[in-house]
Amino acid sequence: MNIIGNYYRLVCITMIIVVIGGVNGLAQEGKEVVYRDYTHMESDLLDSLKRDEVKTLFRGVHVLRQQAQQVKESAPVRLEPRRVEKKKLSPQDMIEKRRGSVLTVNKYHRAMMHPEGVTGWATAVVLSNDGICVSNYHVFWEFLDSTAKLNPRDSIMFVATEEGRVYPITEILSFNKAADVTFFKIDTRGDMLTPIPLGNDLPAGTGVHLLSHPEGYPYAYTNGVVMRTTTSNAKDPFARRMELTVDYAKGSSGGPIMDDCGNMVAMVSSIRAIFYSNQPPYSQQMNVKLTIPVSSLRMLMQGKNE
C-alpha cells in the first residue's frame, strides 16, 4: 500500500513540475522584446558631456597621458574580483545580467576642420563597484607609449553605460603590452557599478559568449567555441591566447568573453586574417579571433609576473 501511495505522490509531483515548467516556458515566450534605438547614442553622449555639472569632472587627454607615463608596466592592481558564478544562464539571461558590466569607450573630438562630436572607440569591462575597469593596451597605447602622437582633435576619452550615463577616466592603474591589457579607474559619480564575475581559462571545444560594441553595433551578442589555446612565447605567460570562433570586429576590443555561467574567461584582443594568396586576388578565407585569457588579468591583479 505504501508503494502505491508513494507511486501516486511521485506522479503528482512530476505533473506539478511539468505544469510549472510549461507556464514558465509560456512566460518566457511571451516576454516583450525591447527594440533599442542606438542611432542617436553618440549624439546623446555629446549632450551629456556638455552639461555644466559634468564638464569639470573630465581630464583632458594630455593630462591623462602625463599620468599614464608615470605608471610602471605590470604594476600590481589591488582588486578582489567578483566570485565565480556556477549557475548556467541562457543567452537571453546572460545578456540582461551582464550588460551593466560592459561599457563603451568613447572619444570626444573638439571642433576644428569638422564639427565637435563623440566617436565610439572600444569596449571596457567593470571589475569593481567603485570603478576599476579593464580594456586593451592598444586601446590606451597613445597614453602609454611615449613615442605616440595624440590626435589634435582628441580632447576627452571616457566610458559610458548603455543608458548614456558618462564616467570620466581618472587614471591608468596598470598595463602589460604583451598581454594587451590595461587597467584603469573611472569616476563613478556616486554610482555603484556592477562588476563582472571572473572565471577561469577554458580548453579548446568549450562554448563561449561575447557582448561587445563592433563599430556601429553597440551591445551586440555573438557566441562560438574556443578553437585553440596557444602562446607566441612559452617563457612569457602574458603571451598566451585563446583563439575563438566568436564573431567580433573593430570596436569590440576589450569585450568580455564569457562561459555558460556568464563568468569572464577572456578578453577580446585582435583578429588575424588568413588569405588564400599573398598576391591579388587575395581571397580571404578565415578570420582567427585572438583573446587574452583571464589568467593574464589575474596575474596583474595579484601583482605576479610569472
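**Salt bridges and the surroundings of Ser269**

In this predicted model, Arg36 is partly exposed, its relative accessible area being 39%. Arg36 pairs with Glu162 in a salt bridge whose closest N and O atoms are 3.4 Å apart. This pair connects distant parts of the chain, 126 residues apart: Arg36 belongs to the loop between α1 (2-29) and α2 (41-49), and Glu162 to the loop between β4 (154-160) and β5 (166-176). Glu162 has a relative accessibility of 14% and counts as buried, because the limit for a buried residue is under 20%. Arg36 at 39% falls in the range between 20% and 50% that defines partly exposed residues.

A second salt bridge is formed by Arg98 and Glu85, with 3.3 Å between the closest N and O atoms. Arg98 is part of helix α5 (residues 91-98), whereas Glu85 is in the loop between α4 (61-68) and α5, so the salt bridge ties together parts that are 13 residues apart in sequence. Within this pair, Arg98 is buried at 1% relative accessibility, while Glu85 is partly exposed at 25%.

The side chains of Glu215 and Lys250 also form a salt bridge, with an N to O distance of 3.6 Å. Glu215 is located in the loop between β7 (207-212) and β8 (220-231), and Lys250 in the loop between β9 (240-244) and β10 (256-258); the pair therefore ties together parts that are 35 residues apart in sequence. Both Glu215 and Lys250 are exposed. Salt bridges with shared partners join Arg36, Glu96, Arg99 and Glu162 into one network. Over the whole structure, the search finds 12 salt bridges. In general, side chains of opposite charge can pair when their charged atoms come close.

The surroundings of Ser269 were also examined. Ser269 lies in strand β11 (residues 264-275). With a relative accessible area of 7%, Ser269 is buried, since this value is under the 20% limit. The Ser269 side chain makes a polar contact with the side chain of Asp180, at 2.7 Å. Asp180 is also listed among the residues that Ser269 touches when residues up to four places away in sequence are not counted. The other residues touched under that condition are Asn136, His138, Arg241, Tyr248, Ser253, Leu290, Thr291 and Ile292.

Terms used
Residues are numbered from 1 along each chain as its sequence is written. This is a predicted model: local features need pLDDT of at least 70, side-chain atom pairs count only at pLDDT 80 or more; totals for chains, interfaces and linings use all residues. Side-chain values use heavy atoms; hydrogens and water are left out. A salt bridge is a side-chain nitrogen of Lys or Arg within 4 Å of a carboxyl oxygen of Asp or Glu. Helices (H or I, at least four residues) and strands (E, at least two) are DSSP runs, numbered from the N terminus. Buried means under 20% relative accessible area, exposed over 50%, partly exposed in between (1.4 Å probe, protein chains only). A polar contact is a pair of N or O atoms within 3.5 Å; within protein, one must be able to donate a hydrogen and the other to accept it, and residues adjacent in sequence count only if both atoms are side-chain atoms. Contact means heavy atoms within 4.5 Å.
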